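I opened this entry to look up nonpolar cores, one helix and internal cavities. The notes below are in the order I took them.

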Amino acid sequence: MAQTFDIVIAGAGVTGCAIARQLARYDLSICVLEATNDIALGASKANGGLVHAGYDPAPGTVKAQVNARGCALYGTWSEELGFLFRRTGSMVLGFTEEDRAHLKVLEENGHANGVPELEIIGPERIRELEPRASREATCALWCPSTGYVDPFDVAIACAENAAANGVAFVRSAPIQAIDTLVANAPLQTGDAPLSSQPARFAIHTPRGIVRARILINAAGSGAAEISAMAGGEAFQLAWRQGNIVVLDKEPRALMPLYPVPTSVSKGVIVTGTVHDNTVITATAALRDRGDRDTYASDVETLLAGARKLVPDLDTRRVVRSFAGGRAVIRGLNDFLIAPSSTAHGLFHAAGIQSPGVASAPAVAELMETLLREAGVKLVEKPDWQPRRLAPEDFDRSTTVHQNELIESDSAWGRIVCRCETVPEAEIVAAIHRTPGAVSVEGVKRRCRAGMGRCQSGFCQSRVLEILARELDCRPEDVLLEDEGSWIVDGVLKEGR
């Protein structure tokens, strides 16, 4: 018999996981269905990780409503959930009087959207804030509240905290069909708990059928199909593909530097990361859905745009280039965060393009508000635990603590990834967390084994071996990423 949940969330990207974490505090049964085999395999892993402050969205849009609020919440969320976050501030660099006029518009947008402490500054202040910024810049919009994170780290932290508070995660479960069980009946209001209401949707997946009283559509590039299957609004999603370049680590991470944006995107941005790499992000081109290829022309655009902002940037020090896509609702350059007007019990968190990472905590808050407004009774659990104990990070630990770890378990002294100083014990812990890593890239996202200069050149075979051992499977069954991405194909030679 199909298991019934009060709420099913379709999609385990940063939006779906943030919503799951927000709602996990209440006395609800919640399940997150994810089509792929891990958390944050879509847009959430393929972006620059910038926590944009909120001056870019047009006032009155949903983006404007959630961007500045989401940015403000990151300090609390990072402290509670144990992910790395740096609030460095940022500058939008201007080079002409026309640019200065555009900066003024951004400043006015920011004030309307609630972004604090915006200021247009001149060359001397620019150099003081970021000495490596172009000396050709004549003005800049200084925004102290901007920051950056590892976006997949945020999603994983939210998922782990949600799971610790009782949320079920079912991976490798693409939604194949949805049956409507209760037609045209609005949610019941009053004091009755959601659990007393009938299931509205039967959701078919390869892992079985799941029944839901409420379905939250946070399915990223699959959100239009989920809406159609559930009887919701018809909309089309475009695939706005972006190439991104990662440079080797710097002695000092750069402050995020933006150009004056275009009508399509924020332009080529140069930013530091929480691990001191430099990221150049991102191009924006409408391409076929699922296109994650890197294009030489796009990479050249990124490198040229980066050199304009930071002329001394050594763009020969590229360690990785990659691409991802943002699901943009055609005809609506905004987020769709709302209850369905055609399917009772269906709620959308769709069209989450940039600034999706920055907005995620506020999107989660807004979804809670929408549920309350729909009459869902939310009662906080007495044992709600908002804090997640972050995993041990050997590379960032003091020498004293490293020695203590090694004394407690010799696996802490067996370094697997030399670039990022990741020991075997850290990889084992990443596999056994809930929800844990099931692929080489899943390990990489959780503890950075393979993120360094050699990009897994030395450690991948050892990570594969550890995964096979801990998951009790053959090395041939270990995946690089999602289904079908096998790394090895049997034994070539036995023994020595």
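The entries cover the cores, then helix H12, then the cavities.

**Cores.** I noted before starting that this is a predicted model. I looked up the largest nonpolar core and found 62 residues in it. Ile-7 and Phe-169 are the residues with the most contacts inside this core. I then listed the elements that each supply at least two residues of the core: the strands are E1 (3-10), E2 (30-33), E12 (208-217) and E20 (346-350), and the helices are H1 (14-23), H2 (62-81), H5 (151-164) and H8 (356-373). H8 gives the most, with 10 residues.

I followed Ile-7 further, leaving aside its neighbours within four places in sequence. Ile-7 is in contact with Leu-23, Leu-28, Ser-29, Ile-30 and Cys-31, and also with Leu-194, Ile-214, Ile-216 and Leu-371. I also recorded a second, separate core of 25 residues, which includes Ile-121, Leu-129, Leu-254 and Met-255.

**Helix H12.** I checked the span of H12, residues 460-471. Its 12 residues reach 16 Å from the first C-alpha to the last, close to the 16 Å expected at 1.5 Å a residue. Which residues of H12 are buried? I have Val-463, Leu-464, Ile-466, Leu-467 and Ala-468. The cover over these buried residues includes strand E21 (415-417), H10 and H11. Asp-472 follows H12, and its phi is positive, near 55°.

**Cavities.** I counted 2 cavities of 30 Å³ or more. The largest holds about 50 Å³ of space. I listed its lining as Pro-391, Glu-392, Glu-426, Ala-429, Ala-430, Arg-433, Arg-446 and Cys-447. Helices H10 (424-432) and H11 (440-447) are the elements that give two or more residues to this lining. The largest share, 3 residues, comes from H10. I sorted the lining of the largest cavity by type and got 4 nonpolar, no polar and 4 charged. H10 and H11 therefore come up twice in my notes, in this lining and in the cover over the buried residues of H12, where contact means heavy atoms within 4.5 Å.

The second largest cavity holds about 40 Å³ of space. Tyr-55, Asp-56, Val-92, Leu-106, Tyr-258, Pro-259, Pro-261 and Lys-266 line it. How does the lining of the second largest cavity divide into nonpolar, polar and charged? I got 6 nonpolar, no polar and 2 charged.

Notes: Residues numbered from 1 in each chain as written. Predicted model: local features only at pLDDT ≥ 70, side-chain atom pairs only at ≥ 80, totals over all residues. Heavy atoms only, no water. 1 Å grid on protein atoms, 1.4 Å probe; cavity = no way out; pocket = protein on both sides within 12 Å on 5 of 7 lines; lining within 4 Å. Points joined across faces, edges and corners; volume = space filled by probe spheres on them. Helix = DSSP H or I, 4+ residues; strand = E, 2+ residues; numbered from the N terminus. Nonpolar A, V, L, I, M, F, W, Y, C, P; charged D, E, K, R; others polar. Expected span 1.5 Å × (residues − 1). Buried < 20%, exposed > 50% of the residue type's maximum accessible area, 1.4 Å probe, protein only. Core = buried A, V, L, I, M, F, W, Y, C linked by side-chain atoms within 4.5 Å.
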